[in-house]
Amino acid sequence: MIIDIIRQLCSRIMTLVDALIMWAHLVAASIWVGGSIFIGIVLAPLLKTFSDSVDGRLSIMIRVGRRFNTIGVPSLIVLIITGIYNSIGFIERPSLIFSTNYGMVLLIKVILVVMLIIIFAIHVRLIRSEVERKIESKALSGEHLQKLRSKIIMLGRLTVIISIVILLMAALLHSGV
């Protein structure tokens, strides 16, 4: 009888832990994806009303990006850790990855997350502090600024698109595909 009570208690605790981990995963996804969409779809076009110069807009965007990264990067880390926890059953039995629809969708999601991390790392490397100082001191040519702006926009769009597709994969996983 006591063993049954302990098992039930452990089961309820694990259910609560799983729910809290899923909640953390969802909150982190909201921050990462919502912030990325806001920056790419709302802020970037709005910057044209703040500054006529490319270097002025880039400077603002870089500052906003750095500010977002203070919560975005920890959110991405939480997403990765909680995602691994949520996928532990498939990590323990890798044969399920290729033999089930769930496993295949999970694999696609993992590949997309790796792509996202690589693109984000390139994006951060592209707008490092040294580049920001050159932009603010107007030490970059107009052509170089335009190329930099184009790369930042392309990487930002890729980040948003991949993040949204990752959400689709999560919805497919949740639906039990």
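This report walks through a ring cluster, a helix packing and a few single residues in a predicted model.

Residues are numbered from 1 along each chain as its sequence is written, and side-chain values use heavy atoms, with hydrogens and water left out. As the model is a predicted one, local features need pLDDT of at least 70 and side-chain atom pairs count only at pLDDT 80 or more, while totals for chains, interfaces and linings use all residues.

## The ring cluster

Let's start with the aromatic rings. A search of the whole structure turns up two aromatic pairs. Rings of Phe, Tyr and Trp (its six-membered ring) pair if their centres lie within 6.5 Å; planes under 30 degrees apart count as stacked, over 60 as edge-to-face, and the rest as tilted.

Trp32 and Phe68 make a tilted pair, with 6.0 Å centre to centre and 40° between the planes. Trp32 sits in helix H1 (residues 2-46) and Phe68 in helix H2 (residues 54-86), so this pair ties together parts that are 36 residues apart in sequence. The helices here (H or I, at least four residues) are DSSP runs, numbered from the N terminus.

Trp32 also pairs with Phe120, this time edge-to-face: 5.2 Å centre to centre, with 80° between the planes. That pair links distant parts of the chain, as Trp32 is in helix H1 and Phe120 in helix H5 (residues 101-126), 88 residues apart. Put together, the ring pairs link Trp32, Phe68 and Phe120 into a cluster.

Are Trp32 and Phe120 buried or exposed? Both are buried, where buried means under 20% relative accessible area, exposed means over 50%, and partly exposed is in between (1.4 Å probe, protein chains only). Trp32 has a relative accessible area of 2%. Phe68 is buried as well, at 14% relative accessibility.

## A threonine that touches Trp32

Thr159 belongs to helix H7 (residues 142-175), and at 8% relative accessibility it counts as buried. Which residues is Thr159 in contact with, leaving aside its neighbours within four places in sequence? They are Trp32, Ser36, Leu116 and Ile119, where contact means heavy atoms within 4.5 Å. The side chain of Thr159 also reaches the backbone oxygen of Leu155 at 2.9 Å.

## Helix H6 and its partners

Now for helix H6 (residues 129-136), where Val131, Glu132 and Ile135 are buried. These three cover an arc of only 100° around the axis, which puts them on the same side of H6; the arc is that of the directions from the helix axis to the C-beta atoms. The buried residues of H6 pack against H2, H5 and H7. Just after H6, Lys138 takes a positive phi of about 60°.

How do H2 and H6 pack, and at what angle? The angle is about 145°, with the axes 9 Å apart. For these values, axes are lines fitted to C-alpha atoms, for helices over the stretch in contact, and angles run from 0 to 180 degrees between N-to-C directions. The crossing is left-handed, which applies if the near helix is turned anticlockwise from the far one by less than a right angle, and right-handed if clockwise. On the H2 side, Asp55, Leu58, Ser59, Ile62, Arg63 and Arg66 meet Ser129, Glu132, Ile135 and Glu136 in H6.

Asp55 is worth a second look. Its relative accessibility is 11%, so Asp55 counts as buried. Not counting residues up to four places away in sequence, Asp55 touches Ile135, Lys138 and Leu145. Asp55 and Arg128 are 73 residues apart in sequence and 15 Å apart in space, C-alpha to C-alpha.

## A few more residues

Here are three further residues with their helix and accessibility.

| Residue | Helix | Relative accessibility | State |
|---|---|---|---|
| Arg57 | H2 | 14% | buried |
| Gly72 | H2 | 0% | buried |
| Ile37 | H1 | 28% | partly exposed |

Leaving aside neighbours within four places in sequence, Arg57 is in contact with Leu47, Lys48, Ser51, Asp52 and Arg149. With the same neighbours left out, Ile37 is in contact with Val42, Val160 and Ile164. Ile37 and Ile122 are 85 residues apart in sequence and 18 Å apart in space, C-alpha to C-alpha. For Gly72 and Ala29, the values are 43 residues in sequence and 9.4 Å in space, again C-alpha to C-alpha.

Definitions and conventions:
Helices (H or I, at least four residues) and strands (E, at least two) are DSSP runs, numbered from the N terminus. A polar contact is a pair of N or O atoms within 3.5 Å; within protein, one must be able to donate a hydrogen and the other to accept it, and residues adjacent in sequence count only if both atoms are side-chain atoms.
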